[in-house]
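Work through the exercises below with the model open. Each task is followed by a worked solution.

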Amino acid sequence: MSETFPRAGRMSKGYDVDQVESFLGRARAAYEENGRGPAMTSWHVRTVGFDLVRGGYDVDAVDAALDRIEDAFARREKQRGEERSGSQAWQTQLRTQEQSLRAQLGRADGERFPRGSGMELTYDIDAVDDLCIRIEESFAVGQPLPPDAVRLAVFKSRRGSRGYREASVDAFLDRVVELLVVQTV
């Protein structure tokens, strides 16, 4: 029985052990093969999902490990980007990505993302807007937020048009984390 991570209690849910172990094996192979093995990027690590099962791996422990693995892949991506394009071109590319994100961050409060409809679960508008303001301010002063400030953000749930569509917010914040990771590794 593998004990890579602590387990959730028998009556608590955690990540499916087999799924986590399988993913970690693929990630290890991709990283150690240094581009000759299976293709994997920091995005693959950031967006992986596992089923929740009773007695699975502790969610917080696995998530913390995934953040470290994502950072390792991002460092390699940054190094390869600089080697391929040169440091100046790589920095220009990062600034272009940042400008693209800032266009959406600069929208008025309550208008940054599409609203939900019906009884759809959505994110609290004020909480999302507050995070967007923090991100924009960090870009403006040239001091990017730590990726975990965005990765670990939690928003109150709302219903329908009283909140932003979760998928839209999640996709945008994923792009922000992608940039922050590369800027800060």
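**Exercise 1. Describe the largest pocket: its volume and its lining.**

Step 1. The largest pocket holds about 790 Å³ of space. A pocket here is an open set of points on a 1 Å grid over the protein atoms alone, where a 1.4 Å probe fits, with protein on both sides within 12 Å along at least five of seven lines. Points are joined across faces, edges and corners, and the volume is the space filled by probe spheres set on them.

This is a predicted model: local features need pLDDT of at least 70, side-chain atom pairs count only at pLDDT 80 or more, and totals for chains, interfaces and linings use all residues. Residues are numbered from 1 along each chain as its sequence is written, and side-chain values use heavy atoms, without hydrogens and water.

Step 2. The lining comprises 24 residues, each with an atom within 4 Å of a point. Nearest the centre lie Arg46, Asp63, Val150, Arg151 and Leu152.

Step 3. Helices H2 (42-47), H3 (59-85), H6 (147-151) and H7 each give two or more residues. H3 gives the most, six. Helices (H or I, at least four residues) and strands (E, at least two) are DSSP runs, numbered from the N terminus.

**Exercise 2. Lay out the sheet and find its edges.**

Step 1. The sheet is open, with three strands in the order E4-E3-E5 and antiparallel pairing. Strands pair if DSSP finds at least two bridges between them.

Step 2. E4 and E5 are the edge strands, each with a single partner, so one side of each has no neighbour in the sheet.

Step 3. Take E3 (residues 121-124) and E4 (residues 157-159): three bridges join them. Thr122 stands opposite Arg158, and Leu121 has Arg159 as its bridge partner.

Step 4. Three bridges also link E3 to E5 (residues 163-165). There, Thr122 is partnered by Arg165.

**Exercise 3. How do H4 and H7 pack?**

Step 1. H4 (residues 87-105) and H7 (residues 166-184) pack at about 150°, their axes 11 Å apart. Axes are lines fitted to C-alpha atoms, for helices over the stretch in contact, and angles run from 0 to 180 degrees between N-to-C directions.

Step 2. List the contacts (heavy atoms within 4.5 Å). Trp90, Leu94 and Leu101 are among the H4 residues that meet H7, whose contributors include Phe172, Val176 and Leu179.

Step 3. The contact residues divide into eight nonpolar, four polar and two charged. Ala, Val, Leu, Ile, Met, Phe, Trp, Tyr, Cys and Pro count as nonpolar, Asp, Glu, Lys and Arg as charged, the others, Gly among them, as polar.
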